Amino acid sequence: MRSLSQELPGSLDLVRKLRSNGVFLATLNNESRELNDHRIAAFGLHELFDVFLSSCYLGTKKPEAGIYRMALDITQRDPQDVIFVDDRSLNLECAADAGVHGVLFSSLDQLEHDLRGFGLL
């Protein structure tokens, strides 16, 4: 599994742009501790993200409603100020139930376009 972990070309550059614009960045994923820790180290994600919210740490997973509320509590963010990016519509629907704006990821170009629409780039 570790050897299959590869950067989507250009994705970390986009994250760096968001970071340079002062955007608070958090991850929310369903991963084992070993894989999560590997990806954070392998891609230098500590330098890019403010917090890592992973199912292995939180004891709940997407799309369960509790993970979105927990993420909001931990980050101390108001739901209307959060943009949640995911490649699964069910996860976005559940985040929307918590009041969070969602962006369905289909490509890096599409994501960049949508984030521009929110004024983040």
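Against which elements do the buried residues of H6 pack? In this predicted model, the buried residues of helix H6 pack against H1, S3 and strand S4 (101-104). The buried positions of H6 are Leu108, Gln110, Leu111, Glu112 and Leu115. After H6 comes Gly119, which has a positive phi, near 80°.

## Nonpolar cores

In soluble globular proteins, nonpolar side chains tend to be buried together. Here the largest nonpolar core comprises 15 residues, and those with the most contacts inside it are Leu25, Leu45, Leu48 and Phe49. Two elements, helix H1 (11-20) and helix H6 (108-117), each give two or more residues to this core. The greatest contribution comes from H1, with four residues. Apart from this core lies another, of 14 residues, which includes Leu28, Val51, Leu53 and Ala95.

Leu45, one of the residues with the most contacts inside the largest core, touches Leu12, Arg39, Ile40 and Phe52 when residues up to four places away in sequence are not counted.

Ala71 belongs to helix H4. Its relative accessible area of 11% is under the 20% cut-off, so Ala71 counts as buried. Leaving out residues up to four places away in sequence, Ala71 touches Leu28 and Leu53, both of which are among the residues of the 14-residue core. Ala71 and Arg116 are 45 residues apart along the chain, and their C-alpha atoms are separated by 24 Å.

## The largest pocket

The largest pocket holds about 1800 Å³ of space. Its lining consists of 50 residues, of which Ala26, Thr27, Leu28, Phe49 and Val85 are the closest to the centre. By class, the lining divides into 32 nonpolar, nine polar and nine charged residues.

The elements that give two or more residues to the lining are H1, strand S1 (26-29), helix H2 (33-42), strand S2 (51-54), helix H4 (65-75), strand S3 (83-86) and H6. Among these, H1 gives the most, with five residues. H1 is also the element that gives the most to the largest core. Phe49 likewise appears in both settings: it is one of the residues with the most contacts inside that core, and one of the closest to the pocket centre.

## The loop between H3 and H4

Thr60 is located in the loop between helix H3 (55-58) and H4. Because its relative accessibility is 12%, under the 20% cut-off, Thr60 counts as buried. The side chains of Thr60 and Glu64 make a polar contact at 2.5 Å. Beyond its neighbours within four places in sequence, Thr60 is in contact with Ser55, Gly66, Ile67 and Met70. Pro63 is found in this loop as well.

## Backbone geometry

Most residues other than glycine have a negative phi, and most peptide bonds are trans. The table lists three backbone features of the model.

| Site | Feature | Value |
|---|---|---|
| Lys62 and Pro63 | cis peptide bond | omega about 10° |
| Gln76 | positive phi | about 55° |
| Gly119 | positive phi | near 80° |

Is Gln76, which has a positive phi although it is not a glycine, buried or exposed? With a relative accessibility of 64%, over the 50% cut-off, Gln76 counts as exposed. Gln76 lies in the loop between H4 and S3. The cis bond joins Lys62 to Pro63, and Pro63 lies in the loop between H3 and H4.

How values were computed:
Residues numbered from 1 in each chain as written. Predicted model: local features only at pLDDT ≥ 70, side-chain atom pairs only at ≥ 80, totals over all residues. Heavy atoms only, no water. Core = buried A, V, L, I, M, F, W, Y, C linked by side-chain atoms within 4.5 Å. Buried < 20%, exposed > 50% of the residue type's maximum accessible area, 1.4 Å probe, protein only. Contact = heavy atoms within 4.5 Å. 1 Å grid on protein atoms, 1.4 Å probe; cavity = no way out; pocket = protein on both sides within 12 Å on 5 of 7 lines; lining within 4 Å. Points joined across faces, edges and corners; volume = space filled by probe spheres on them. Nonpolar A, V, L, I, M, F, W, Y, C, P; charged D, E, K, R; others polar. Polar contact = N/O pair within 3.5 Å; in protein donor to acceptor, adjacent residues only side chain to side chain.
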